[in-house]
Amino acid sequence: MCTNIVYEWLKTLQLPQYAESFVDNGYDDLEVCKQIGDPDLDAIGVAVPHHRRRIHEAVRRLKEADERAAGL
């Protein structure tokens with residue numbers, strides 16, 4: 001298994017099983033992960049609806065954190 005920031009992020013979401021697929025599909029840092037949409041999740045192999053929702057919510061939180069940091 002890969003050990004990187006995406007793996008750690010997915011581990012906090014209790015979804016580490018997707019880490020290898022994320023990296024294999026080019027999602028190897030959180031900046032790239034912020035661009036994830038439904039077609040990307042299809043390509044990565046995230047089919048379980050509540051896993052998809054969890055990832056979408058986490059992406060939203062990453063973007064909000066960036067907006068807050070930019071406002072400082």
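These legends go with a set of close-up views of a predicted model.

**View 1. The largest nonpolar core, drawn from five helices.**
Twenty is the number to keep in mind here: the largest nonpolar core has 20 residues. Within this core, the residues with the most contacts are Trp-9, Leu-10, Phe-22, Cys-33, Val-46 and Ile-55. Two or more core residues come from each of helix H1 (5-12), helix H2 (19-24), helix H3 (30-33), helix H4 (38-44) and helix H5 (49-71).

**View 2. Trp-9 and its partners from elsewhere in the chain.**
Which residues does Trp-9 touch once its neighbours within four places in sequence are set aside? The list runs to Phe-22, Leu-30, Cys-33, Ile-55, Ala-58, Val-59 and Leu-62. Trp-9 itself is buried.

**View 3. An aromatic cluster of Trp-9, Phe-22 and Tyr-27.**
The model has two aromatic pairs. In one of them, the ring centres of Trp-9 and Phe-22 sit 6.4 Å apart with the planes at 70°, so this pair is edge-to-face. Trp-9 belongs to helix H1 and Phe-22 to helix H2, so the pair ties together parts that are 13 residues apart in sequence. Phe-22 also pairs with Tyr-27, again edge-to-face, at 6.2 Å centre to centre and 70° between the planes. As for burial, Phe-22 has 0% relative accessibility and counts as buried. Tyr-27, at 11%, counts as buried too. Put together, Trp-9, Phe-22 and Tyr-27 make one aromatic cluster.

**View 4. Arg-52, a buried arginine in helix H5.**
Is Arg-52 buried or exposed? Its relative accessibility is 13%, so Arg-52 counts as buried. The Arg-52 side chain reaches the backbone oxygen of Val-46 at 2.6 Å. With neighbours within four places in sequence left out, the contacts of Arg-52 are Asp-38, Leu-41, Asp-42, Val-46 and Ala-47.

**View 5. The salt bridge between Asp-42 and Arg-52.**
Side chains of opposite charge can pair when their charged atoms come close. Here the side chains of Asp-42 and Arg-52 meet in a salt bridge, 2.9 Å from N to O. This pair links distant parts of the chain, with Asp-42 in helix H4 and Arg-52 in helix H5, ten residues apart. The two ends sit in contrasting surroundings: Asp-42 counts as exposed at 52% relative accessibility, whereas Arg-52 counts as buried at 13%.

**View 6. A salt bridge within helix H1: Glu-8 and Lys-11.**
The count of salt bridges comes to eight, and one of them joins the side chains of Glu-8 and Lys-11, at 3.6 Å from N to O. These two residues are three apart in helix H1, so about one helical turn separates them. Glu-8 is partly exposed at 34% relative accessibility, and Lys-11 is partly exposed at 41%.

**View 7. A salt-bridge network that includes Arg-60 and Glu-64.**
How far apart are the closest N and O atoms of Glu-64 and Arg-60? They are 2.3 Å apart, in a salt bridge. Both residues lie in helix H5, four residues apart, which is about one turn of the helix. Glu-64 is partly exposed, with a relative accessible area of 30%. Arg-60 is partly exposed as well, at 37% relative accessibility. Step back from this pair and a network of salt bridges appears, linking Glu-57, Arg-60, Arg-61 and Glu-64.

Terms used: Residues numbered from 1 in each chain as written. Predicted model: local features only at pLDDT ≥ 70, side-chain atom pairs only at ≥ 80, totals over all residues. Heavy atoms only, no water. Core = buried A, V, L, I, M, F, W, Y, C linked by side-chain atoms within 4.5 Å. Buried < 20%, exposed > 50% of the residue type's maximum accessible area, 1.4 Å probe, protein only. Contact = heavy atoms within 4.5 Å. Phe/Tyr/Trp six-rings, centres within 6.5 Å; stacked < 30°, edge-to-face > 60°. Polar contact = N/O pair within 3.5 Å; in protein donor to acceptor, adjacent residues only side chain to side chain. Salt bridge = Lys/Arg side-chain N within 4 Å of Asp/Glu carboxyl O.
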